[in-house]
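Welcome! Please open the structure in your viewer, keep the selection tool at hand, and let us walk through it together, one stop at a time.

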Amino acid sequence: MSETLFSKIINREIPADIVYEDEQCLAFRDVNPQAPVHILVIPKKSIAMLTDAMETDEALLGHLLTTASKVAKQEGFGDAFRLVVNNGADSGQTVFHLHVHILAGRSFSWPPG
Ligand code: 5GP
């Protein structure tokens with residue numbers, strides 16, 4: 001997979017406001033927040049998008065979700081947050097390194113836009 005902005009954040013080649021890190025993933029604040037809390041959780045492994053994940057990545061994908069929940073709680077919104085995964089350009093994906101958006105701190109409408 002080609003290098004993306006997010007692999008540069010993992011490698012500390014560009015700065016980010018990192019709020020959580022472990023061996024498998026990193027969480028940092030979105031540079032263009034769409035809610036009072038807008039954090040991205042990314043795997044350290046290079047996976048361009050969800051549909052590129054393999055069966056062998058299932059534990060990692062689960063880890064991204066439990067980490068998102070943990071980070072939302074850490075931010076004070078453990079009971080009310082929205083997770084979004086854009087998969088592919090037509091869904092709105094702009095950075096092709098898998099990421100889970102955590103959005104919290106305001107109310108959200110449904111259906112999403
Ligand atoms: P996508 O549209 O691919 O689902 O989400 C990509 C997200 O990455 C966007 O919300 C965008 O604001 C965020 N983003 C893009 N470049 C950077 C960056 O250099 N730093 C940070 N922290 N976020 C970024």
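Start by selecting residues 25-29, which make up strand β2, and then add its neighbour β1: the two run antiparallel and are joined by 3 bridges. What you have on screen is a predicted model. Strands β1 and β2 form a hairpin, with 3 residues between them. To see individual pairs, pick Tyr20 and look across to Ala27 in β2, its bridge partner. Then pick Ile18, whose bridge partner in β2 is Phe28.

Stay on β2 for a moment and colour it by accessibility. Is β2 largely enclosed or open? Since 4 of its 5 residues are buried, β2 is largely enclosed by the rest of the structure.

**Next stop: the whole sheet**

Now move on from β2 to β3, again an antiparallel neighbour, this time joined by 5 bridges. Ala27 is a good residue to keep selected here: its bridge partner in β3 is Val41, while on the β1 side Ala27 partners Tyr20.

Select the remaining strands as well. In what order do the strands of the open sheet lie? Reading across, you pass β1, β2, β3, β5 and then β4, 5 strands with antiparallel pairing. At the edges are β1, residues 18-21, and β4, residues 82-84, each of which pairs on one side only. Tilt the view to follow the twist, which averages 20° from one strand to the next.

**Next stop: the helix across the sheet**

Select residues 58-74 to light up helix α2. Which strands does helix α2 lie across? They are β1, β2, β3 (37-43), β4 and β5 (100-104). Compare its direction with that of β3: α2 runs at about 155° to this strand.

**Next stop: the pockets**

Switch on a surface now. Rolling a probe the size of a water molecule over the atoms shows where empty space is left.

The largest pocket has a volume of about 440 Å³. To find it, select Phe6, Asp30, Leu40, Thr94 and His101, which lie nearest its centre among the 24 residues of the lining. Elements that each supply at least two lining residues are α1 (5-10), β2, β3 and β5. Which element gives the largest share of this lining? That is α1, with 3 residues. Colour the lining by residue type and you will find 12 nonpolar, 9 polar and 3 charged residues.

From there, go to the second largest pocket, which holds about 290 Å³ of space. Its lining includes Gln34, Arg82, Val84, Asn86 and Ser91. Add Leu103, Arg106, Phe108, Ser109, Pro112 and Gly113 to your selection to complete this lining. By type, the residues here divide into 4 nonpolar, 5 polar and 2 charged.

**Last stop: two backbone details**

Select Trp110 and Pro111 and zoom in on the peptide bond between them. This bond is cis, with omega at about 5°. Pro111 itself is found in the segment after β5.

Finally, jump to Arg12, in the loop between α1 and β1. Its phi is near 60°, a positive value in a residue other than glycine. Is Arg12 buried or partly exposed? With a relative accessible area of 47%, Arg12 is partly exposed.

Note on methods:
Residues are numbered from 1 along each chain as its sequence is written. This is a predicted model: local features need pLDDT of at least 70, side-chain atom pairs count only at pLDDT 80 or more; totals for chains, interfaces and linings use all residues. Side-chain values use heavy atoms; hydrogens and water are left out. Two strands pair if DSSP finds at least two bridges between them. Axes are lines fitted to C-alpha atoms, for helices over the stretch in contact, and angles run from 0 to 180 degrees between N-to-C directions. Contact means heavy atoms within 4.5 Å. On a 1 Å grid over the protein atoms alone, a cavity is a set of points where a 1.4 Å probe fits but cannot get out, and a pocket is an open set with protein on both sides within 12 Å along at least five of seven lines; lining residues have an atom within 4 Å of a point. Grid points are joined across faces, edges and corners, and a volume is the space filled by probe spheres set on the points. Ala, Val, Leu, Ile, Met, Phe, Trp, Tyr, Cys and Pro count as nonpolar, Asp, Glu, Lys and Arg as charged, and the others, Gly among them, as polar. Buried means under 20% relative accessible area, exposed over 50%, partly exposed in between (1.4 Å probe, protein chains only).
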